[in-house]
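Here are my notes for you, as numbered points to read beside the model. Take them one at a time, and find each residue in the viewer as you go.

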Amino acid sequence: MGLLSLAIWLPILAGVVLLAIGRDQNAPQVRWIALIAAFASFVVTLPLIGGFRNDTAAMQFVEKFDWIERFNVHYHLGVDGLSMWFVPLTAFITVIVVIAAWQVITDRVNQYMGAFLILSGLMVGVFAALDGLLFYVFFEATLIPMYLIIGVWGGPRRVYAAFKFFLYTLAGSLLMLVALIFLYYKSGGSFDILTWHKLPLGMSAQSYLFFAFFLAFAVKVPMWPVHTWLPDAHVEAPTGGSVVLAAIMLKLGCYGFLRFSLPITPDASHHFAPFIIALSLIAVVYIGFVALVQQDMKKLVAYSSIAHMGFVTLGFFIFNELGMSGGIVQMISHGFVSGAMFLCIGVLYDRVHSREIAAYGGVANTMPKFAAFAVLFAMANCGLPGTAGFVGEWMVILGTVKANFWLGFIAATTLVFGAAYTLWMVKRVYFGPIANDHVRELVDIDAREFAMLAILAAAVLFMGLYPKPFTDSMHASVDNLLKHAAVSKIPSP
């Protein structure tokens, strides 16, 4: 059992143990077990960073065992520059979520903590799986704990939001299963994803496969116009659910494009790239306008996430290194920034029990330490230079300008919308005179909340000021993917 297996199964086993412990009578022990398990799962992923070789595009930390021998299915794991950073990011966010729920969740504590630990292991499995069937099992299994997190600990319309989330993402994935079965038979009975990358496929087969994968991953991202489940899920989910949904789960769809669509159907990807670029720019522009009119802070940040994911898909489908690397960097940075934004909303909601922007005003007067963190994260969400939010967006814009000046111009001008809706929220919530008695009675963050936000602030600033470790590790894999995608997979007549 290697590092990747430990990163997958350690949190899952810990989650099962927590589910076996009594409901609420052992809450203090449950919280400590969850924190220790989450921290141990994060520590296990650190050697991946330290031992990762930047000079090769080959899979590293590979594990391969027979799973279902009759159908040639393997338990096959490995990471490269496209996936490595998402393993420690997932474990890191899980630690933050456990700390965030320490005092807030008082009902069914063991089930709440257990669901997040199991979800963490399953998401790591998605990023590490190199067998098509194993990937599908992990990809679909992530729906179950998140469905329960929204449906049990969510807001008043939690059942509606949970069903909508589940049905949208499950329906999108059904065609992907058909595509995986087709590739299994086309490859002579293999579920090995790396073998699928070498298959010579005709244009019609590539086109069908491309749209099968596109529907599965576009819903997960989510891309416009299949994005409507996300605001509902975010608004009704508990704070931890929103953090994991934005920071990690949206990245599963983006990662699917890198691992399946681009390398398996390169000709179709080039052919349909203008369609994807158009959808991406619509997401960035249209969703920016939608975010401007939101009155609910969670909805505003949820729509902001859709716009940021538009930059990711734009970067992938302009087919140059700056754009693709920028898209991956944007995925990582968005994990830190969006997670922090939802945690800040959670801090306010725990005190005032409202997410309406109109319910606040002048929060900086009563919670100065908290306001400092919140404004920093808001600036990162705008793409302020020196923060993590700037690096990926800047790389994508540069890559897009290199491919087509006017597309880059449109992408760059849309950053104004991001600044507009974020600063509008900051002005009305944090600055100005104290608006009401609820704000006047607010108490600043305690040591637990300070530590939680300080860790995320350090990550946001470190990535913004020194992105080299992130970009260096993905260079070889991105370069290899672009070369692979540039070579036609249509068989010679």
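1. Let's begin with Phe 211, which is partly exposed, with a relative accessible area of 31%. Keep in mind that this is a predicted model. Phe 214 comes out as buried, at 8% relative accessible area, because buried means under 20%. Both residues belong to helix H9 (residues 203-220), where they are three residues apart, about one turn of the helix.

2. How do two rings sit against each other? A pair of aromatic rings is described by the distance of the centres and the angle of the planes. By the rule used here, there are 44 aromatic pairs. For Phe 211 and Phe 214, the ring centres are 6.1 Å apart and the planes meet at 80°, so this pair is edge-to-face; the label applies because planes over 60 degrees apart count that way.

3. Stay with H9 a moment longer, and look at Phe 217, which lies in this helix, and at Phe 257 in helix H11 (residues 239-264). Their rings form an edge-to-face pair, with 5.8 Å from centre to centre and 70° between the planes. The two residues are 40 apart in sequence, so the pair ties together separate parts of the chain. Are these rings buried or exposed? Phe 217 is buried at 0% relative accessibility, and Phe 257 is buried, at 0%.

4. Ser 207 is another residue of H9. Its relative accessibility is 16%, so Ser 207 counts as buried. Setting aside neighbours within four places in sequence, Ser 207 is in contact with Ala 268 and Phe 272.

5. Rings can also have a charge over them, so please check two places. The charged end of Lys 220 sits over the ring of Phe 139, 4.7 Å from the ring centre. Arg 355 lies over the face of Tyr 349, at 5.2 Å from the centre of that ring.

6. Now for some backbone angles. Most residues other than glycine have a negative phi, and most peptide bonds are trans. Where are the cis bonds to look at? One runs from Val 221 to Pro 222, with omega near -10°, and another joins Trp 224 and Pro 225, with omega about 10°. Pro 222 is in the loop between H9 and helix H10 (229-236), and Pro 225 is in the loop between H9 and H10 too.

7. Two residues deserve a look for their positive phi. Phe 61, in strand E1 (residues 60-68), has phi near 55° and is partly exposed at 25% relative accessibility. His 353 has phi of about 60°; this residue is in the loop between H15 and helix H16 (363-366) and is exposed, at 56%.

8. Gln 330 is in helix H15 (residues 321-352) and is buried, at 1% relative accessibility. Which residues does Gln 330 touch, not counting those up to four places away in sequence? They are His 308, Phe 311, Val 312, Gly 389, Gly 392 and Glu 393.

9. Finally, the empty space. The structure holds four cavities of 30 Å³ or more, and the largest has a volume of about 90 Å³. Its lining has 13 residues, with Ala 307, Phe 311, Thr 414, Gly 418 and Tyr 421 nearest the centre. Helices H13, H14, H17 and H20 each give two or more residues to this lining, and H20 gives the most, with four. By class, the lining of the largest cavity has seven nonpolar, five polar and one charged residues.

Conventions. Residues are numbered from 1 along each chain as its sequence is written. This is a predicted model: local features need pLDDT of at least 70, side-chain atom pairs count only at pLDDT 80 or more; totals for chains, interfaces and linings use all residues. Side-chain values use heavy atoms; hydrogens and water are left out. Rings of Phe, Tyr and Trp (its six-membered ring) pair if their centres lie within 6.5 Å; planes under 30 degrees apart count as stacked, over 60 as edge-to-face and the rest as tilted. Buried means under 20% relative accessible area, exposed over 50%, partly exposed in between (1.4 Å probe, protein chains only). A charge sits over a ring if NZ of Lys or CZ of Arg is within 6 Å of the ring centre and within 35 degrees of the ring normal. Contact means heavy atoms within 4.5 Å. On a 1 Å grid over the protein atoms alone, a cavity is a set of points where a 1.4 Å probe fits but cannot get out, and a pocket is an open set with protein on both sides within 12 Å along at least five of seven lines; lining residues have an atom within 4 Å of a point. Grid points are joined across faces, edges and corners, and a volume is the space filled by probe spheres set on the points. Ala, Val, Leu, Ile, Met, Phe, Trp, Tyr, Cys and Pro count as nonpolar, Asp, Glu, Lys and Arg as charged, and the others, Gly among them, as polar.
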